[in-house]
Amino acid sequence: MIEWIRFWISAALLAAGLVFFSGAALGNCRFDYIMNRVHAGGLGDTMGLFCVIAALVVSAEGGWEACKLPLPLIFLWLCSPVSSHFLAQMEYYTNENLYEHMERL
């Protein structure tokens with residue numbers, strides 16, 4: 001009985017991760033401006049990674065595997081915002097027509 005509960009929880013988490021990854025991919029295809037693409041990709045992959053790793057932790061048999069699985073999540077959660085910030089900063093400093101993409105208030 002417990003195995004079926006773990007199976008359905010991990011399946012739900014994997015499905016949620018797929019939804020977040022699909023949203024990030026759709027945002028990258030739909031948006032024209034690079035800052036919007038970075039934002040959509042950064043949010044989508046962060047939540048998608050969390051859901052996938054959480055599903056793996058739930059479906060892990062022993063305790064040691066479940067303890068090691070969050071380590072890649074921590075690494076990727078530290079690297080993803082840094083790379084997104086670097087891409088946005090590079091666009092800010094190299095795009096001469098930056099203010100044409102922004103709305104005036």
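Is Ser-10 buried or exposed? Ser-10 is buried, as its relative accessible area is 9%, and the views below set this residue in the context of a predicted model.

**Figure 1. Overall fold of the predicted chain.** The secondary structure consists of four helices and zero strands, arranged along the sequence in the pattern α-α-α-α. The chain is more spread out than a compact globule, because its radius of gyration of 18 Å is well over the 13 Å that the globule rule gives for 105 residues. Along the principal axes, the C-alpha atoms fill a box of roughly 60 × 25 × 20 Å. Of the contacts with a separation of 6 or more, 66% are between residues 24 or more positions apart.

**Figure 2. Surface and charge of the chain.** The accessible surface comes to about 7900 Å². Carbon and sulfur atoms hold 71% of that surface. Buried residues make up 22% of the 105 residues. The side chains include 5 positive and 9 negative ones. The centres of these two charged sets lie 3 Å apart.

**Figure 3. Helix α1 and its buried residues.** Helix α1 covers residues 2-30, 29 residues in total. From its first C-alpha to its last, α1 reaches 42 Å, close to the 42 Å expected at 1.5 Å a residue. Arg-6, Ser-10, Gly-17, Ala-24 and Gly-27 are the buried residues shown in α1. These buried residues pack against α2, which runs over residues 34-59.

**Figure 4. Surroundings of Ser-10 in helix α1.** Ser-10 has a relative accessible area of 9%, under the 20% cut-off, and therefore counts as buried. When neighbours within four places in sequence are left aside, the contacts of Ser-10 are Ala-55, Val-58 and Ser-59. Among these partners, Ala-55 is itself one of the buried residues of α2.

**Figure 5. Ala-12 in helix α1 and its separation from Asn-95.** Ala-12 is found in helix α1. With a relative accessibility of 46%, Ala-12 is classed as partly exposed, whereas Ser-10 in that helix is buried. Ala-12 and Asn-95 are 83 residues apart in sequence. In space, their C-alpha atoms lie 42 Å from each other.

**Figure 6. Helix α2 and what covers its buried residues.** The 26 residues of α2 should span 38 Å at 1.5 Å a residue, and the distance of 37 Å between its end C-alpha atoms agrees with this. The buried residues of α2 are Val-38, Ala-40, Gly-41, Gly-42, Gly-44, Gly-48, Cys-51, Ile-53, Ala-54 and Ala-55. Their cover includes α1 and α4, the latter comprising residues 70-94.

**Figure 7. Surroundings of Tyr-92 in helix α4.** Tyr-92 is partly exposed, its relative accessible area being 44%. Apart from neighbours within four places in sequence, Tyr-92 is in contact with Met-35, Leu-98 and Tyr-99. Met-35 and Tyr-92 are 57 residues apart along the chain. The C-alpha atoms of this pair are separated by 9.1 Å.

How values were computed. Residues are numbered from 1 along each chain as its sequence is written. This is a predicted model: local features need pLDDT of at least 70, side-chain atom pairs count only at pLDDT 80 or more; totals for chains, interfaces and linings use all residues. Side-chain values use heavy atoms; hydrogens and water are left out. Helices (H or I, at least four residues) and strands (E, at least two) are DSSP runs, numbered from the N terminus. The expected span of a helix is 1.5 Å times one less than its number of residues. Buried means under 20% relative accessible area, exposed over 50%, partly exposed in between (1.4 Å probe, protein chains only). Contact means heavy atoms within 4.5 Å. The radius of gyration is taken over C-alpha atoms; the globule rule is 2.2 Å times the number of residues to the power 0.38. Accessible areas come from the Shrake-Rupley method with a 1.4 Å probe; for residues, only the protein chains shown count as cover. Lys and Arg count as positive and Asp and Glu as negative; His and the chain ends are not counted. The place of a charge is taken as NZ of Lys, CZ of Arg, CG of Asp or CD of Glu.
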